[in-house]
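Biologist: Could you take me on a close look at one part of this protein, the largest nonpolar core? I would like to know which residues have the most contacts inside it.

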Amino acid sequence: MEAWIRARVTLALTLFALLFFVSRSSPPLQFVISNAERRIDLSSHIINVHLTLKVENTGTRPASEVVLALTPTEVDHLAMVDALAIKGKRKKTTSVRLEVKPTELPDAPPIDAKYFTIYLADPLNSGESTTLEVLYVFTHFLEPFPAEIAQSESQLVFYHDTALILSPYHIKQQTTFIKTPSTKVESFIRVEPTKRVGTEIKYGPYEDCPPYSISPIHVHFENNSPFAVVEELVQEIEISHWGNIQVTGHYTLVHAGARHKGVFSRVDYQSRQFSNGASSFRYLLARLPARVHSVYYRDEIGNISSSHLRTNSLKSELEIEPRYPLFGGWKATFVIGYGLPLQDFLFESSDDKRYLNFTFGCPLIGMVVDKLTIKVVLPEGSTDPSPVVPFPVEHRLEL
């Protein structure tokens, strides 16, 4: 048997790794937000917030830093924040991605808030305005209420927020739209003017809001989307001299919604699945690279045959079914493995170095991943490996 010496580079990513650098600055007081529109999508357990800001420089000197404010609760559940500068009008608009970093405001009033700074590509001169689009993604934010439900009950959750956008700037006009998965809304707090039509609740427009204005609200609504959370994923990418990459993922999956109470009836579940066990899930979809081969799906018992693979020239999709449906609080552990052609992902540069270009993340669609570890196993003779990723991670080398 040939002896191998393996160099292992392990990268560990947590949800809050983006909070890697905190600067200290003060918000330019010459900024005024002439219009703010916020759209909150509560269709699943992953909350997407799209914030559009029209920022004006009413001061006398150029400024290039715009400060965002979030509550500490929002920061605790923040998975991603992204910002774009929109230029042009209508069909001729272009967008420029902007850098966003956590910051501290020493001169801020004693309010419970956390701050991020958006760095504009070009300073905004006096009298000029620009439009920013900000995306927040929150996880583990919805609160199941009641915390336990029977198999035949639907899942209800609470969403807590403020009708007014928390900001260190004066906002001349603002509107918030909240989208729910269905029309089944148990209750919500009104802050007039408030209007509800179908699955959408509209707060505002509100005029001339001073800095740091808030107005707490909550929405209690039905949400039976799969609250699928990967508590831990350990993914090993092994590079072979023989033209193959072997990918093996070890998953610990949990249903993070309202806990299941009482007994489970498979007869009722199979006969009335849409009304009985509506918040459970039994199918998962993994999006894999094209030209995937030798795919397997197994757990501690052995191979699980309830999977279907669909491939084409652009992508591959693997639909898997755990051995049992998952209700609130239930867990499942399994392994997904597959092979890939080496030439699709490994490249050689002019300086005789080799680069592995591989997607960093979880292939399962609609998942929250609490802890992700990537292990890259290099063949014998590899020297000086180093990772290059677009965000800060912990990494170490094992020989």
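**A look into the core**

Modeller: Happy to! Buried residues make up 45% of the 399 residues in the protein chain, and please keep in mind that this is a predicted model. Let us set the scene before we go inside. The secondary structure of the chain comes to two helices and 30 strands, and the C-alpha atoms fill a box of roughly 75 × 65 × 40 Å along the principal axes. If you take the contacts between residues at least 6 apart in sequence, 76% of them join residues at least 24 apart.

Now to your part. The largest nonpolar core has 57 residues. Those with the most contacts inside this core are Ile47, Ile118, Tyr136, Tyr159, Ile178 and Tyr203. The element that gives the most to the core is strand β5, residues 63-70, with six residues.

Let us pick Ile118 and see what surrounds this residue. Leaving aside residues up to four places away in sequence, Ile118 touches Ser64, Glu65, Val66 and Leu68. Ile118 also touches Ala83, then Leu98, Glu99 and Val100, and finally Leu132 and Val134.

There is also a second, separate core, with 33 residues. Among its members are Val230, Leu326, Leu364 and Val369.

To finish, step back to the outside. The accessible surface of the chain comes to about 20900 Å², and 52% of that belongs to carbon and sulfur atoms. As for charge, the chain has 39 positive and 44 negative side chains, with the centres of the two sets 6 Å apart.

Methods. Residues numbered from 1 in each chain as written. Predicted model: local features only at pLDDT ≥ 70, side-chain atom pairs only at ≥ 80, totals over all residues. Heavy atoms only, no water. Helix = DSSP H or I, 4+ residues; strand = E, 2+ residues; numbered from the N terminus. Buried < 20%, exposed > 50% of the residue type's maximum accessible area, 1.4 Å probe, protein only. Contact = heavy atoms within 4.5 Å. Areas by Shrake-Rupley, 256 points an atom, 1.4 Å probe, with all protein chains shown as cover. Lys, Arg positive; Asp, Glu negative; His and termini not counted. Charge placed at Lys NZ, Arg CZ, Asp CG, Glu CD. Core = buried A, V, L, I, M, F, W, Y, C linked by side-chain atoms within 4.5 Å.
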